[in-house]
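Grab a pencil and work through these exercises with the sequence and the 3D view side by side. Each task comes with a solution that goes step by step.

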Amino acid sequence: MDKDIVLSCGREVKRIREQNTGSLDFTADPVVLARVVIDTRRLNKPMVKIDFSTFIDFFTPTGNTLGAVFDFELRRKCDGIVETLKTYQYIVRMMDGDIESNGFHLRDTFGFTFCDKDMLCHKECCIYTVELLKIDVIGEEIEEEIIIEDSSIRAIAQGICS
């Protein structure tokens, strides 16, 4: 018997553009960056692979800010039950140089792959989200600009039992 495979492409939900704010804490109400829905009803004990990527743009015109730490969370909602699957951190550090006079600009991708093997019982549609919890600006918080955009998320699932 062939094992079924399901592919689902998600979408970006929200972009972040913050200026001159310093550290931000969204822990009480996380910002959903991307969401994907996958229907696993036809799969026997499904294993789901999640791929996520986004662009992070961090700019400060002076060297007073030393970097930033971004906290992300991957969550799954199946049958009304929400679970945090994993948390991730992305750290921006300023390069060597005279941080008192040089500005700093970084545009980079952040991404991860996660294999969800814990769906051992029958579930219907599951929603996976990547959420932004916090941004901690390190150093003096002067004139920084932070952009998180072009988030994408994909899910592929296969039944691991025939």
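**Exercise 1. Find which residues C125 touches, leaving out those up to four places away in sequence.**

Solution.
- Step 1: Keep in mind that you are looking at a predicted model.
- Step 2: Locate C125, which is found in strand β10.
- Step 3: Look around C125 for residues with heavy atoms within 4.5 Å. You should get V37, I38, D39, R41, K77, C78 and D79.
- Step 4: Now check T40. Its C-alpha atom is 5.9 Å from that of C125, though the two residues are 85 apart in sequence.
- Step 5: Is C125 buried, exposed or partly exposed? Its relative accessible area is 35%. Buried would need under 20% and exposed over 50%, so C125 is partly exposed.

**Exercise 2. Work out which cysteines form the disulfide and what the bond ties together.**

Solution.
- Step 1: Recall the chemistry: a disulfide is a covalent bond between the sulfur atoms of two cysteines.
- Step 2: Count them. The structure holds one disulfide.
- Step 3: Name the partners. C78 is joined to C126, with 2.0 Å from S to S.
- Step 4: Place both ends. C78 sits in strand β7 (residues 65-78) and C126 in strand β10 (residues 125-139), so the pair ties together parts that are 48 residues apart in sequence.
- Step 5: Get the handedness. The torsion about the S-S bond is about 125°, so this disulfide is right-handed.
- Step 6: Check how covered the two ends are. C78 has 2% relative accessibility and counts as buried. C126, at 0%, counts as buried too.
- Step 7: Look at some other cysteines. C9 is exposed, with a relative accessible area of 58%, while C115 counts as partly exposed at 40%.

**Exercise 3. Describe the secondary structure of the chain and how β6 pairs with β11 and β9.**

Solution.
- Step 1: Tally the elements. There are zero helices and eleven strands, so reading along the sequence you simply meet β after β.
- Step 2: Look at β6 (46-60). It runs antiparallel to β11, and 13 bridges join the two.
- Step 3: Pick a pair of residues to see this. K49 stands opposite I156 in β11.
- Step 4: Turn to strand β9 (residues 104-116). It is also antiparallel to β6, again with 13 bridges.
- Step 5: Pick a pair here as well. D57 stands opposite R107 in β9.
- Step 6: Ask how far along the sequence contacts reach. Of the contacts in the chain with a separation of 6 or more, 81% are between residues 24 or more positions apart.

**Exercise 4. Find where G10 lies and what G10 touches.**

Solution.
- Step 1: Place G10 in the loop between β1 (5-9) and β2 (11-12).
- Step 2: Judge its cover. G10 has a relative accessible area of 28%, and that makes it partly exposed.
- Step 3: List the contacts, skipping residues up to four places away in sequence. G10 touches R35, V36 and I153.
- Step 4: Compare sequence with space. G10 and T129 are 119 residues apart along the chain, and their C-alpha atoms are separated by 9.3 Å.

**Exercise 5. Take K45 and D150 and give the phi of each one.**

Solution.
- Step 1: Start with K45, which lies in the loop between β5 (31-39) and β6 (46-60). Its phi is positive, about 50°, although K45 is not a glycine.
- Step 2: Move on to D150, whose place is in strand β11. Phi of D150 is near 55°, which is also a positive value in a residue other than glycine.
- Step 3: Add the accessibility. K45 counts as partly exposed at 36%, and D150 counts as partly exposed at 35%.

**Exercise 6. Find which residues form a nonpolar patch, then say how much of the chain is buried.**

Solution.
- Step 1: Spot the patch on the surface. I5, L7 and I156 form it, with about 290 Å² of accessible area together.
- Step 2: Zoom in on I156. It is found in strand β11 (residues 145-159) and is partly exposed, with a relative accessible area of 34%.
- Step 3: Zoom out to the chain. About 8,700 Å² is exposed, and carbon and sulfur atoms supply 48% of that area.
- Step 4: Finish with the inside. Buried residues make up 43% of the 162 residues.

Key
Residues are numbered from 1 along each chain as its sequence is written. This is a predicted model: local features need pLDDT of at least 70, side-chain atom pairs count only at pLDDT 80 or more; totals for chains, interfaces and linings use all residues. Side-chain values use heavy atoms; hydrogens and water are left out. Helices (H or I, at least four residues) and strands (E, at least two) are DSSP runs, numbered from the N terminus. Buried means under 20% relative accessible area, exposed over 50%, partly exposed in between (1.4 Å probe, protein chains only). Accessible areas come from the Shrake-Rupley method with a 1.4 Å probe; for residues, only the protein chains shown count as cover. A disulfide is a pair of cysteine sulfur atoms within 2.5 Å. Patches are made of residues with over 30% relative accessible area and no salt bridge: like charges are joined within 9 Å, nonpolar side chains (Val, Leu, Ile, Met, Phe, Trp, Tyr) within 5 Å. A salt bridge is a side-chain nitrogen of Lys or Arg within 4 Å of a carboxyl oxygen of Asp or Glu. Two strands pair if DSSP finds at least two bridges between them.
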